[in-house]
Amino acid sequence: MAADRADGRGPVGPGPRARRAARPRRARPVRSGDPVSAAGAGARTVEVVRAGALTTVQDLGRRGQAHLGVPRAGALDEPAHRLGNRLVGNPADAATLETTLTGVALRARAPLVAAVTGAPAPVTVDGTPAPWGLPVRVPAGAVLDVGAATHGLRCYVAVDGGFAVAPVLGSRAADLLSGLGPPPLTAGAVLPVGAPSAPAPAVDLAPQPAPPTELVLRLRLGPRHDWFTPAALAGLGAARYAVAPASNRIALRTDGPPLARAIHGELPSEGMVLGAVQVPPDGRPVVFLADHPTTGGYPVVGVVPGADLAAAAQARPGIPVRFRPLPP
């Protein structure tokens, strides 16, 4: 598959291979109750060695500002983002890195504790295998390399203290649609890291759901389901779709049977919400994700509950998609 472009409009290929340090260091997982040192916190930064296909800074997004025309943005797989922060002792709203398919490589300029969650991927510290889904120490000068996702699509890289880029409208999240927040990462960029706020927590088990092999999305019909024929609505639950390659942070697009419309007139632009399923003129449903526009002019057949959208964030192109309309 191809990953998102930085401008949100199409696919790009993988970035260059990561450079490895000459002397491998041992990647040591953080043990239960192991304190996190704040030494050198004033100069804590990481250098981007390999940016990957698309890596952005994300947090919980710009909530409550849609009335100003400001999209929400934020981590697409919010549970994975929250888990990464919990593993390194951060609050849930600390900024992480969201990678797309091909991972990222970072050189720590000060000792860090990091954790990789979301899509399973190989993790190394200076070439030595390190655990995925657990906190791991990264010595100063070492390269944390997150490889290509083996399943799913997006990894989340959390570091103790969080990525301390400048907030915009109360959030550090990159929004590919509006251009708010920091730009997608590029090789050579240097990111500030905040001071650790807590010791590394005791972690015995950190379960993460497996990326989907079939995406089943519940659907609350409305507000414009009456713009579609009764036959189209009746068959929506049985229709088979697939994730389209043009999907990105703005929306999950689908390939499959078009929904027949009962009303063919134009619809004035109206407010859009996270999870809205808009149907453009080709009739194929589009599920709005975190970088979605705040208004739109195509009818919305229904809304996917927020709890189902984390799985949508990990669904690769070609994965089967089914909608399950909920009773009124």
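A salt bridge here is a side-chain nitrogen of Lys or Arg within 4 Å of a carboxyl oxygen of Asp or Glu. By that rule, this predicted model holds 12 salt bridges.

**Exercise 1.** Work out whether helix α1 is largely enclosed or not.

*Solution.* Start with the cut-off: buried means under 20% relative accessible area. Next, go along residues 78-87: E78, A80, H81, L83, G84, N85 and L87 are the buried ones. That's 7 of the 10 residues, so α1 is largely enclosed by the rest of the structure. Now look for the cover, which includes strands β4, β5, β7 and β12. Finally, step just past the helix and you'll meet G89, with a positive phi of about 85 degrees.

**Exercise 2.** Find the salt-bridge partner of D160 and say where each residue sits.

*Solution.* The partner is R44, with the closest N and O atoms 3.0 Å apart. D160 is in the loop between β12 and β13, while R44 is in the loop between β2 and β3, 116 residues away. As for accessibility, D160 is buried at 1%, and R44 is buried at 2%.

**Exercise 3.** Trace the salt bridges that R249 makes with E98 and D291.

*Solution.* Take E98 to begin with: its side chain meets R249 at 2.7 Å, N to O. R249 lies in the loop between β15 and β16 and E98 in strand β5, so the pair ties together parts 151 residues apart in sequence. Then turn to D291, which R249 meets at 2.9 Å. D291 sits in the loop between β19 and β20, 42 residues from R249. Last, check burial: R249 has a relative accessible area of 1%, E98 1% and D291 0%, and each counts as buried.

Definitions and conventions:
Residues are numbered from 1 along each chain as its sequence is written. This is a predicted model: local features need pLDDT of at least 70, side-chain atom pairs count only at pLDDT 80 or more; totals for chains, interfaces and linings use all residues. Side-chain values use heavy atoms; hydrogens and water are left out. Buried means under 20% relative accessible area, exposed over 50%, partly exposed in between (1.4 Å probe, protein chains only). Helices (H or I, at least four residues) and strands (E, at least two) are DSSP runs, numbered from the N terminus. Contact means heavy atoms within 4.5 Å.
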